[in-house]
Amino acid sequence: MVFKKLRQAMGIGGPSIETVLHDPNTTPGAVVTGEITIVGGQFNSDIKAVNLALRTRVEVESGDNEYTSNLEYSKMPVAGNFQLAEGARHSVPFQFPIPWEAPLTHMYGQPLHGTTVGLATELEVAGALDPGDLDPIAVHPLPAQERILAAFSNLGFRFRNADCEKGRIWGVHQELPFYQEIEFMPPPQFSRGINQLEVTFVSYPQAMEVVLELDKRGGLLSEGHDAFSRFTVDYASVGSVDWEQQLGGFLQDAGRRRGFF
């Protein structure tokens, strides 16, 4: 009995947890469903809480340094405050809402290199915290996002990389403490003035903000610099716009205004 209590105090032989998603594929603003199963260990346990949270790797700038960190956000309690007997099983179904601003993990039907999203299950037991499962989530574009991305592809922009950066975009309302940048290499008609194009979506239930960062090529007598532009896309009317023409003209105008071309 003393040995059993010692193992319990050390967190050995405690309850285990498993999360099963009904479908890991989702979109911003949708809901992921599944079931959590907690299996009792070698002694009775006092379960304080079972939580779900999204995790994403983000780039963090601190002074002159930059590092990558796992950021936990959109946390939600799903169960707690119950006794779990030794060896018993306790199942909890859940519905987890995906934030509208969730970063994309897929684009053009393929995994988006540089971005991962995981749904973490945390089990809080009296005197201990078990990090539990981390299940990958595949976040696909909304129809409006897919249309904008297809337009850039049709204009000849080639995907290069994607990452998430901790921080906020000036003038844009954000619920999450970070944003995603999807980087493209420009086609020949834009490459004379632009080194790369970074696209950020900040989505809401009825519309989304599209933020463009144009990285200007530096010349012999001038340094390259970034320029920001943004516009609003309404979901209801996105299909009635010629986005190839709109974006092409928009980039040309933005580039001329800033002396890129």
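# Reading a predicted strand-rich fold: a dialogue

Guide: Welcome! The protein chain here has four helices and 18 strands; both are DSSP runs numbered from the N terminus, helices being H or I with at least four residues and strands E with at least two. This is a predicted model, in which local features need pLDDT of at least 70 and side-chain atom pairs count only at pLDDT 80 or more, while totals for chains, interfaces and linings use all residues. Residues are numbered from 1 along each chain as its sequence is written, and side-chain values use heavy atoms, with hydrogens and water left out.

Visitor: Thanks. How do I read strand pairing, and over how many bridges do E4 and E5 pair?

Guide: Two strands pair if DSSP finds at least two bridges between them. Strand E4 (residues 45-62) and strand E5 (residues 65-79) are antiparallel and share twelve bridges. One of these links Arg57 to Asn70 in E5. The two strands form a hairpin with two residues between them, and Gly63 in the turn has a positive phi of about 65°.

Visitor: What is the bridge partner of Leu54 in E10?

Guide: That partner is Leu119. E4 and E10 are antiparallel too, with nine bridges. E4 also runs antiparallel to strand E6 (residues 82-84), joined by three bridges, and there Asp46 is matched with Gln83.

Visitor: Now the interior. How many residues does the largest nonpolar core have?

Guide: First, the terms. Buried means under 20% relative accessible area, exposed over 50%, and partly exposed in between, using a 1.4 Å probe and protein chains only. A nonpolar core is a set of buried Ala, Val, Leu, Ile, Met, Phe, Trp, Tyr and Cys residues joined through side-chain atoms within 4.5 Å. Here the largest core has 57 residues, and Ile38, Phe152, Ile182, Phe201, Leu212 and Val233 have the most contacts inside it. Strand E4 gives the largest share of this core, six residues. Another core, of five residues, lies apart from it and includes Ile169, Val172, Val202 and Val211. Of the chain's 261 residues, 45% count as buried.

Visitor: And empty space: which residues lie nearest the centre of the largest cavity?

Guide: Rolling a probe the size of a water molecule over the atoms shows where empty space is left. On a 1 Å grid over the protein atoms alone, a cavity is a set of points where a 1.4 Å probe fits but cannot get out, and a pocket is an open set with protein on both sides within 12 Å along at least five of seven lines; lining residues have an atom within 4 Å of a point. Grid points are joined across faces, edges and corners, and a volume is the space filled by probe spheres set on the points. The count comes to one cavity of 30 Å³ or more, and the largest cavity has a volume of about 110 Å³. It is lined by 14 residues, with Glu101, Ala102, Pro103, Gln180 and Phe201 nearest its centre.

Visitor: Last one: is His113 buried or exposed?

Guide: His113 counts as exposed because its relative accessible area is 57%. It sits in the loop between strand E9 (110-111) and strand E10 (117-125). A contact means heavy atoms within 4.5 Å, and, leaving out residues up to four places away in sequence, His113 touches Phe159, Asn161 and Ala162. His113 and Asn161 are 48 residues apart in sequence, yet 6.0 Å apart in space, C-alpha to C-alpha.
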